[in-house]
Every structure is written in C-alpha cells, then in structure tokens.
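Welcome! Below is a short guided tour for anyone meeting this structure for the first time. Have a look at the sequence and the fold, then read on.

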Amino acid sequence: MILSTTAAASRLRIRPFDAGDVERIEPRAAARRELLALGDTAARAAMCAEAGPAFTGFCGDRLVFCAGAIELWPGVAEGWALVSPLVERRRVAFHRAILGLLARHQPAWRCHRLQATVRQGEAAAARWLSRLGFVYEGRMAGYGPDGADHLRFARILPMAPSASDAPLRAPDAGPWTYDATTRRAVEAELLAA
C-alpha cells in the first residue's frame with residue numbers, strides 16, 4: 001500500500017534528539033516563557049543532548065515534541081519535555097510514543113525513579129503525566145525559572161526482589177551513562193521501528 005503525501009506527513013516519527021531541535025520547535029507559550037527565563041537555550045539543549053536519553057517526535061518536517069531524561073544520581077532522573085501546539089492534533093500518537101519510550105527504555109536506563117514537574121495551572125499536562133503512570137507528590141513553590149510554582153510527579157518502577165530490597169540497579173553496575181555506544185543502540189532501535 002502506498003501512503004499519500006498527506007498520510008506520510010501526518011505520521012508521527014521519532015528520532016534521537018539533537019540540540020538544534022530546540023531552535024526548530026515552536027513550543028507552547030508557557031514553555032517559551034520558561035525557555036527565555038532560563039537563558040542560553042543553545043547551551044542547555046546541548047547539555048540535554050549529551051546528558052541522557054532524549055528523543056524528538058515529528059510529523060513531516062514539523063517538530064511535535066522533544067523529550068528526555070537527565071540523571072540526577074544512580075537510579076533517579078529528571079524528565080523533561082518541550083511540546084509544540086501540534087501535539088493537540090496528534091494527541092493519541094504522542095501519548096503512545098512517550099508511553100512506549102518509557103516502557104522500553106526506563107528499565108534499560110536502570111532508572112527506578114523518573115520525576116518531572118508541571119507548571120501549576122497546566123491541568124492537561126498534569127493529567128497526561130498521571131496517564132503515563134506518574135504520581136503527584138506535591139507543590140514546589142517558586143520552582144520555575146520565572147519563579148512560578150510547579151507540581152512534582154514521579155514514575156516509580158518496582159524495586160528488584162531481593163532480601164535487601166536493592167533497587168533495580170545493581171550497586172556494581174557502574175554509573176548511568178548515555179555514552180556513544182548507548183546512543184548508537186537507541187538510534188538503531190528507532191531507525192528499525
């Protein structure tokens with residue numbers, strides 16, 4: 001079956017995140033304000049590209065989202081996402097893509113706790129995190145780069161069964177790294193999908 005140009009352009013595809021994607025995406029207004037408050041977005045984007053697994057979703061040549069995780073310490077990471085208004089037209093595909101990435105990659109990252117924040121008042125984003133398996137933990141007063149309150153959510157994977165209740169990550173597993181070998185493996189998996 002041959003897909004029409006319209007159908008091919010509307011299909012959500014995912015590839016590894018590139019720091020330049022931040023300049024190409026047209027984020028929602030609240031995210032745009034927070035990016036401006038952070039300053040030096042190019043440097044922050046480069047850090048996100050190197051600091052952990054990150055992905056970009058796009059339809060045709062338009063970016064729909066950029067998302068990833070940055071390790072805080074072994075087994076704990078901070079999730080981040082930059083979403084364009086285009087996600088409204090691809091809501092189900094977007095949700096399935098992120099849920100699939102989490103299901104496949106969070107255990108492989110040996111990340112038993114993935115946490116994220118949502119700006120207070122962004123009810124749709126908070127509901128979406130809940131649907132992804134994140135649990136609300138509380139309000140963080142003045143947390144945003146512009147001083148806005150944020151809500152903290154976390155997605156906790158079950159601990160590995162053992163007498164000592166050791167986390168999923170073995171103590172001798174070495175640091176969680178997103179090195180060139182890991183990046184190539186993720187890229188190969190995405191290109192094969």
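Is Y136 buried, partly exposed or exposed? With a relative accessible area of 46%, Y136 is partly exposed, because that value falls between the 20% limit for buried and the 50% limit for exposed. Please keep in mind that this is a predicted model. The points below go through its aromatic rings, its nonpolar cores, its salt bridges and a few spots in its loops and helices.

**Aromatic rings**

- The whole structure contains four aromatic pairs.
- One of them joins F17 and W80, whose ring centres are 5.2 Å apart and whose planes meet at 70°, an edge-to-face arrangement.
- F17 sits in the loop between β1 (12–16) and α2 (21–24), while W80 belongs to strand β4 (residues 76–83), so this pair ties together parts that are 63 residues apart in sequence.
- F17 and W80 are both buried.
- Y136 has a ring partner too: its ring and that of F153 have centres 5.6 Å apart and planes at 65°, so this pair is also edge-to-face.
- Y136 comes from strand β6 (residues 135–140) and F153 from strand β7 (residues 150–156), so that the pair links distant parts of the chain, 17 residues apart.
- In the pair of Y136 and F153, Y136 is partly exposed at 46%, whereas F153 is buried with a relative accessible area of 3%.
- A single aromatic cluster is made up of F65, F94 and W128.
- A charged residue also meets a ring here: R152 lies over the face of Y143, 5.8 Å from the ring centre.

**Nonpolar cores**

- In soluble globular proteins, nonpolar side chains tend to be buried together.
- In this model the largest nonpolar core has 28 residues, and F65, I98, L129 and F134 are the ones with the most contacts inside it.
- Two or more residues of this core come from each of β2 (54–59), β3 (62–73), β4, α5, β5, α6 (123–131) and β7.
- Helix α5 gives the largest share of this core, with five residues.
- Leaving out residues up to four places away in sequence, I98 touches F65, A67, W128 and L132.
- Another core, of 14 residues, lies apart from the largest one and includes F17, I25, F58 and C66.

**Salt bridges**

- Eight salt bridges are found in the structure.
- R24 and D21 form one of them, with their closest N and O atoms 3.7 Å apart.
- About one helical turn separates R24 and D21, because they are three residues apart in helix α2.
- R24 is partly exposed, at 46% relative accessible area, but D21 is buried, at 2%.
- R15 is connected to these two as well, since a network of salt bridges links R15, D21 and R24.
- E78 and R152 make another salt bridge, with 3.0 Å between the closest N and O atoms.
- That bridge links distant parts of the chain, with E78 in strand β4 and R152 in strand β7, 74 residues apart.
- Both partners, E78 and R152, are buried.
- E137 and R113 also meet through their side chains in a salt bridge, at 2.6 Å from N to O.
- E137 lies in strand β6 and R113 in strand β5, and the pair links distant parts of the chain, 24 residues apart.
- E137 counts as partly exposed, with 43% relative accessibility, while R113 counts as buried, with 18%.

**Two more residues to look at**

- R110 is found in the loop between α5 (91–108) and β5 (113–119).
- The phi angle of R110 is near 55°, a positive value in a residue other than glycine.
- R110 is partly exposed, with a relative accessible area of 31%.
- L38 is part of helix α3 (residues 29–38) and counts as partly exposed, at 37% relative accessibility.
- Although L38 and G144 are 106 residues apart along the chain, their C-alpha atoms are separated by 9.2 Å.
- Setting aside neighbours within four places in sequence, L38 is in contact with R44 and P145.

Methods:
Residues are numbered from 1 along each chain as its sequence is written. This is a predicted model: local features need pLDDT of at least 70, side-chain atom pairs count only at pLDDT 80 or more; totals for chains, interfaces and linings use all residues. Side-chain values use heavy atoms; hydrogens and water are left out. Rings of Phe, Tyr and Trp (its six-membered ring) pair if their centres lie within 6.5 Å; planes under 30 degrees apart count as stacked, over 60 as edge-to-face and the rest as tilted. Helices (H or I, at least four residues) and strands (E, at least two) are DSSP runs, numbered from the N terminus. Buried means under 20% relative accessible area, exposed over 50%, partly exposed in between (1.4 Å probe, protein chains only). A charge sits over a ring if NZ of Lys or CZ of Arg is within 6 Å of the ring centre and within 35 degrees of the ring normal. A nonpolar core is a set of buried Ala, Val, Leu, Ile, Met, Phe, Trp, Tyr and Cys residues joined through side-chain atoms within 4.5 Å. Contact means heavy atoms within 4.5 Å. A salt bridge is a side-chain nitrogen of Lys or Arg within 4 Å of a carboxyl oxygen of Asp or Glu.
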